[in-house]
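Subject: Handing over a structure, with notes

Dear colleague,

I am passing a structure on to you, and since it will be new to you, please look through it before reading on. My notes follow below.

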Amino acid sequence: MKKLSQIFMVVCYLIAGVLLGLGMVAMLPGDLYWYDDLIAMAFMVVVAYIAIMIQVIIHECGHMIFGLISGYHFVSFRIFNMMLIKQNDHWKLKQYSLAGTGGQCLMAPADLIDGKMPVMLYNLGGVIMNIIVSMIFMILCFNVDDPFIFLLLYMLIIIGIVTAITNGIPMQVNNINNDGYHVLELKRNPQAVYAFWFQLKIASLQAEGYRFKDMPIDFKVCEEDALDNCLIAMQQALYCNYLMDKHEFDIEITDEELSSLKTVEDIVKLIESKK
């Protein structure tokens, strides 16, 4: 499944690259010298990067807008490695990057009601916004005469559609869930809803300056048969961070036990058995 996801992702990007390349070539005047062509192509590559950045911002704004609609509260907004974060009612600009992601909008959820919370709009908000805005760009594209604006709109449409597809269709690439896969895991297991709430709550508490050991939240071991769900496995990993911050690692571990540790679940079970 993971290999199919990677192949599908590569195919999507290849198709997008071909379409972008054809668009660039079509925009080149036929009477330029070869070095003028190179300059024009370099300029178009810069335009493509601008289009990618715009669509990343649109995607993350979608998460933010639909998160606010769902009753969430703003925590942080990151584009590439630049992050705007709200800490103790103050806004700060920081540098932070996460491998495999072009951006991230974290929101703090309200308290759970009977173990439930709205999750679909927040998770799919980026995809929805990419589709809506790409449709608007498509309409504008047929109503502009300026070749530069036409090229930018054309690139925004292609990149927006590819962004929506690669984030909306459930996939897991390099052990990172896309938005669609998050929704799938939330629908498969009711415990994943709590795990998702737990992660967002931890992120909001970290933004407020809390250390793991001081957080006013209940850390607990997850059920073993639920750890194939990535959201629940992440909850387990956060529990390990909690134990480490409390310095609950003063246990004797044999070489055999150490070599047997393969997963987060193994680490937690070993720590619990040594208490």
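In this predicted model, the N-terminal end of helix H6 is capped by Asn 189, which has a side-chain oxygen 2.9 Å from the backbone nitrogen of Gln 191. The helix itself takes in residues 190-207, and its 18 residues should span 26 Å at 1.5 Å a residue, which agrees with the 27 Å that separates its end C-alpha atoms. Just after H6, Gly 209 takes a positive phi of about 95°.

Many residues of H6 are buried, including Phe 196, Trp 197, Phe 198, Leu 200 and Ile 202. What covers the buried residues of this helix includes three strands, E1 (73-79), E2 (82-87) and E4 (103-108), as well as the helices H3 (120-141), H5 (179-188) and H7 (230-245).

H6 also has a part in the second largest pocket, where about 210 Å³ of space lies. Of the 14 residues lining this pocket, those closest to its centre are Phe 74, Val 75, Ala 108, Ser 204 and Glu 208. E1, E2 and H6 each supply at least two residues of the lining, and H6 gives the most, with 4 residues. Ser 204, one of the residues closest to the centre of the pocket, is also among the buried residues of H6.

Turning to the strands, E1 and E4 run antiparallel and are joined by 6 bridges, with His 73 standing opposite Ala 108 in E4. E4 is mostly covered, in that 5 of its 6 residues are buried.

E2 pairs with E3 in the antiparallel sense, also over 6 bridges, and in this pairing Met 83 has Lys 94 of E3 as its bridge partner. The two strands E2 and E3 form a hairpin with 2 residues between them, and Asn 88 in the turn has a positive phi of about 50°. Is strand E3 (residues 90-95) largely covered, or does it lie largely in the open, and how many of its 6 residues are buried? The number buried is 0, so E3 lies largely in the open.

One last residue to look at is Tyr 49, which is found in helix H2 (residues 34-69). Its relative accessibility is 59%, and because the cut-off for exposed is over 50%, Tyr 49 counts as exposed. Tyr 49 and Met 155 are 106 residues apart in sequence, while in space they are 9.4 Å apart, C-alpha to C-alpha.

With best wishes

Technical notes: Residues numbered from 1 in each chain as written. Predicted model: local features only at pLDDT ≥ 70, side-chain atom pairs only at ≥ 80, totals over all residues. Heavy atoms only, no water. Expected span 1.5 Å × (residues − 1). Buried < 20%, exposed > 50% of the residue type's maximum accessible area, 1.4 Å probe, protein only. Contact = heavy atoms within 4.5 Å. Polar contact = N/O pair within 3.5 Å; in protein donor to acceptor, adjacent residues only side chain to side chain. Pairing = 2+ DSSP bridges. 1 Å grid on protein atoms, 1.4 Å probe; cavity = no way out; pocket = protein on both sides within 12 Å on 5 of 7 lines; lining within 4 Å. Points joined across faces, edges and corners; volume = space filled by probe spheres on them.
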